[in-house]
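Please look through the structure that follows with an eye to where its chain is enclosed and where it meets the surface. The paragraphs after it take up a few places in turn.

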Amino acid sequence: MGCDVRVSGLLRRNLQPTLTYWSVFFSFGLCIAFLGPTLLDLRCQTRSSLPEISWVLFSQQLCLLLGSALGGVFKRTLAQSLWALFTSSLAISLVFATIPFCRDVEVLASIMALAGLAMGCIDTVANMQLVRIYQKDSAVFLQVLHFFVGFGALLSPLIADPFLSEANCLPANSTANATSGSHLFHASRVLGRQHPEAQPWSNRTLPGLPSQDGAGTRVSYAFWIMALINLPVPLAVLYLLSKERLLGCCPQRRPLLLSADELSLETQPPEKEDASSLSPQFHPGHEDLFSCCQRKNFRGVPSSFFAIHITAALVLFMTDGLTGAYSAFVYSYAVEKPLSVGHKVAGYLPSLFWGFITLGRLISIPVSSRVKPATMVFINVVGVVVTFLVLLVFSHNVVFLFVGTASLGLSLSSTFPSMLAYTEDALQYRGCATTVLVTGAGVGEMVLQMLVGSIFQAQGSYSFLVCGVIFGGLAFTFYILLLFFHRMHPGLSSGKERIYFYTRGGKASRGVCGRCRGS
């Protein structure tokens, strides 16, 4: 009971900062999912091929990684963190407002690189600030934080859908299939085979494309709407800066006094187990990558220590990479043969995908207190493989595509937090698990989107599902290797201890929350 009272007291005192950090992750989600359903319209707007437009995805993910590293620079003070969040969330609104004016794929890639930097900064700063506020009780608040990512990612495709174009942007006489307005990718491949001497899209003037003078496509309105919807987020951060007296013209505010009950709970002496559980040669896994990779941190560690880091990162490389690739290309896959789904109907697929990711994250909050993280990751990875196999077998069935999209969203929803909890526990909260896993997941999103886009263009729509099966199978293989290395690792923690880190915020809460549960 004491744990819940202490956490609720912390939430009451930090309600506005908490809501603000959650809202900036809404901006993150809004920006991460809009490219999928608008990909065809952006290809027409920029006169680019699928491999060329894939560089836009690559630039966003690459700069997201760079932004995550840059965000660590602003973690030293609250003022730096809030100003970084204000600048980043405002930049996202500016990006949305600018995209309709990008008539060249290189310009669009540069704009999305700016969005990636802003997203990476938000990712690092918001997570660190929540952990700083709630410390060992931060797990549930981080789950809600990632729920807002899913909510923003669910909303952006729904906003874009009414404005998606049904018209074909290829010349009417370029191919026999050009009469079908939804087969952009198929037509471009046929054009390339029949006319190898033809110029690339970027050097041709195609009928049906938006004119160079900016008379534009209707999808521009979707971007402007998203810019307006996101605008309250930087205003909320600015209000928090004002309330915290951090605008430069106001003195620092005095800290609030705690009630007697909250003070007694917060000043409880730490458990002896926690004071001695960290060896001085290890550092917690919440430092930046450069701090973690110092040689002195790894003296005398067994080889299984490195193997656990690597295999866990490879699992997330595959699963987070699949999340990004599926969200980006499921719309393009649906409008291609053999499904030939209409643009308007296909536009609901990214929303369905992110909607079930959001639902899965909600469900995982109570489930994670009863199911071990290792079991949850196993269910997730098996679900990914089975779903892609079913989609591959029934690749001509539109109903199975929608059902499979929902199933895949559920399967991928809790993979990252569950894997992070399991890996941290396997390493007894030592080493650099958090840093390595976040980096692996980010690199996976960047690389697999580029790889899937290139294979999709070269081999056809069927290869999209084949890639899913292969990458899902690799994720399962790496997870089995992770279990093997964990069993080899010395100092295997007991089963009862494993779940408490994730559900109650970490090592320091295991003893306290054990009493709360009566264990």
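In this predicted model, the residue that comes just after helix α3, R47, takes a positive phi of about 55°. The helix that precedes R47 is α3, which covers residues 35–46, and its span deserves a careful look: a straight helix of 12 residues would be expected to reach 16 Å at 1.5 Å a residue, whereas α3 spans only 14 Å between its end C-alpha atoms. How many of the residues of α3 are buried? The count is 12 of the 12, so α3 is largely enclosed by the rest of the structure. Among these buried residues are the nonpolar L35, L39, L40 and L42, but the list also includes D41, R43 and Q45, as well as G36 and P37.

A contrasting setting is found on the surface, where L62, L66, L70, V73, L114 and L117 form a nonpolar patch with about 460 Å² of accessible area together. The elements that give two or more residues to this patch are α4, residues 50–71, and α6, residues 105–134, and the largest share, 3 residues, comes from α4. An α-helix has 3.6 residues a turn, so residues three or four places apart point the same way; in the patch, L62, L66 and L70 can be read with that spacing in mind. V73, another member of the patch, lies in the loop between α4 and α5, the latter covering residues 78–98. With a relative accessible area of 41%, V73 is partly exposed, because that value falls between the limits of 20% for buried and 50% for exposed.

Another loop residue, L339, is placed between α14 (303–335) and α15 (343–346). Is L339 buried or exposed? Its relative accessibility is 10%, and because buried means under 20%, L339 counts as buried. Leaving aside neighbours within four places in sequence, L339 is in contact with Y333 and A334, and also with S395, H396, N397, V398 and L401. One of these partners, S395, is 56 residues away along the chain, yet the C-alpha atoms of L339 and S395 are separated by 7.8 Å.

The protein as a whole can now be set beside these details. It has 23 helices and 0 strands, and of its 519 residues, 56% count as buried. Of the contacts with a separation of 6 or more, 82% are accounted for by residues 24 or more positions apart. The accessible surface of the protein comes to about 21,600 Å², of which 67% belongs to carbon and sulfur atoms.

Terms used. Residues are numbered from 1 along each chain as its sequence is written. This is a predicted model: local features need pLDDT of at least 70, side-chain atom pairs count only at pLDDT 80 or more; totals for chains, interfaces and linings use all residues. Side-chain values use heavy atoms; hydrogens and water are left out. Helices (H or I, at least four residues) and strands (E, at least two) are DSSP runs, numbered from the N terminus. The expected span of a helix is 1.5 Å times one less than its number of residues. Buried means under 20% relative accessible area, exposed over 50%, partly exposed in between (1.4 Å probe, protein chains only). Patches are made of residues with over 30% relative accessible area and no salt bridge: like charges are joined within 9 Å, nonpolar side chains (Val, Leu, Ile, Met, Phe, Trp, Tyr) within 5 Å. Accessible areas come from the Shrake-Rupley method with a 1.4 Å probe; for residues, only the protein chains shown count as cover. A salt bridge is a side-chain nitrogen of Lys or Arg within 4 Å of a carboxyl oxygen of Asp or Glu. Contact means heavy atoms within 4.5 Å.
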